[in-house]
Amino acid sequence: MSVSLVLIVVMAALYACGVYLLLERSMTRVLLGFLLVGNATNILILIMSGRRGAAPIVDGQADPAEFADPLPQAFVLTAIVITFGISAFMLALIYRSWRLAQGDTLADDAEDLEIGRRGVPAEEESEQGDGDDEAGGDSEFGDRAEAAVPADDRGPQGHRAHHDEKGDRA
C-alpha cells in the first residue's frame, strides 16, 4: 500500500499546530496542543502500519499471509487511552487553576528567573555533587541531612533526640 500524501500533510500540520500550542502560556491552549499531537501520533502509527489486510476472525478461510497486522491497531488504541487520561488530568488542573486564580495563564516565577539570571557560583557547584560521591552519610543530602528533621525534635547541638518506648527523651 502506498501512503497517501494527504495523510502525511495532515499529520505534519497537526504536529506543527500542536507543538505551537504546547509552547503557549495558556493551559487551555496547551491542552489543545496535546490533543493535536496525540491525534497526529495516531495518524503516524496508521501511516507506518503497512498494507491493508483481511481480518482473521471474519470467516477463517483467509490465507495467513493476507492478515492485517493487529499491533498498530493496539498501539493506536493504547495511545487513545493514554491521551484521554492525560487530557482528563490536564482538564482537572485547568479547572482548579480557574477556580483559584480566575485564569489559566501561567506566569513566570520571579525566584526561578533570578536563579537563572544569576546562575550557581562555581564553588557551590563543586560542593553540591550528585549525592553519590564523597558527600558522606547514607542519604542523598549528605551532611545536610539534618535540615530534613523538624527543629522541635532536635536535642542539644542540633542532633535529633532519641526517644524510648514511652516517648521520653533518652
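In this predicted model, G119 adopts a positive phi of about 80 degrees, just after α4. Helix α4 itself spans residues 110-118. It is hardly covered, and the count of buried residues among its 9 residues is 0. Within α4, the side chains of E114 and R117 form a salt bridge, with an N to O distance of 2.4 Å. The two residues are 3 apart in the helix, and therefore about one helical turn separates them. In general, an α-helix has 3.6 residues a turn, so residues three or four places apart point the same way. E114 is partly exposed, at a relative accessible area of 32%. R117 counts as exposed, because its relative accessibility is 62% and the cut-off for exposure is over 50%.

The search of the whole structure returned 2 salt bridges. Besides the pair in α4, the side chains of E24 and R29 meet in a salt bridge at 3.5 Å, N to O. Here E24 is partly exposed, with 25% relative accessibility. R29 is also classed as partly exposed, at 43%.

A second positive phi occurs at Q102, where the angle is about 55 degrees. Q102 comes just after α3. Helix α3 has 31 residues. From first C-alpha to last it reaches 44 Å, close to the 45 Å expected at 1.5 Å a residue. Its buried residues are P72, A79, T83, S87, M90, I94 and S97. The cover over these buried residues includes α2.

The packing of α2 against α3 was examined next. Helix α2 covers residues 27-48, and α3 covers residues 71-101. Their axes come within 10 Å and cross at roughly 180 degrees. The two helices are therefore roughly antiparallel, as the crossing angle lies over the 145 degrees required. By class, their contact has 16 nonpolar and 6 polar residues, with no charged residues.

The loop between α1 and α2 contains S26. S26 counts as buried, because its relative accessibility of 16% falls under the 20% cut-off. Leaving aside neighbours within four places in sequence, S26 is in contact with D104 and T105.

Helix α1 comprises residues 5-22 and includes V10. At 35% relative accessibility, V10 is partly exposed. V10 and I43 are 33 residues apart along the chain, and 8.4 Å separates their C-alpha atoms.

Note on methods:
Residues are numbered from 1 along each chain as its sequence is written. This is a predicted model: local features need pLDDT of at least 70, side-chain atom pairs count only at pLDDT 80 or more; totals for chains, interfaces and linings use all residues. Side-chain values use heavy atoms; hydrogens and water are left out. Helices (H or I, at least four residues) and strands (E, at least two) are DSSP runs, numbered from the N terminus. Buried means under 20% relative accessible area, exposed over 50%, partly exposed in between (1.4 Å probe, protein chains only). Axes are lines fitted to C-alpha atoms, for helices over the stretch in contact, and angles run from 0 to 180 degrees between N-to-C directions. Angles under 35 degrees count as roughly parallel, over 145 as roughly antiparallel, 65 to 115 as roughly perpendicular and the rest as oblique. Ala, Val, Leu, Ile, Met, Phe, Trp, Tyr, Cys and Pro count as nonpolar, Asp, Glu, Lys and Arg as charged, and the others, Gly among them, as polar. The expected span of a helix is 1.5 Å times one less than its number of residues. Contact means heavy atoms within 4.5 Å. A salt bridge is a side-chain nitrogen of Lys or Arg within 4 Å of a carboxyl oxygen of Asp or Glu.
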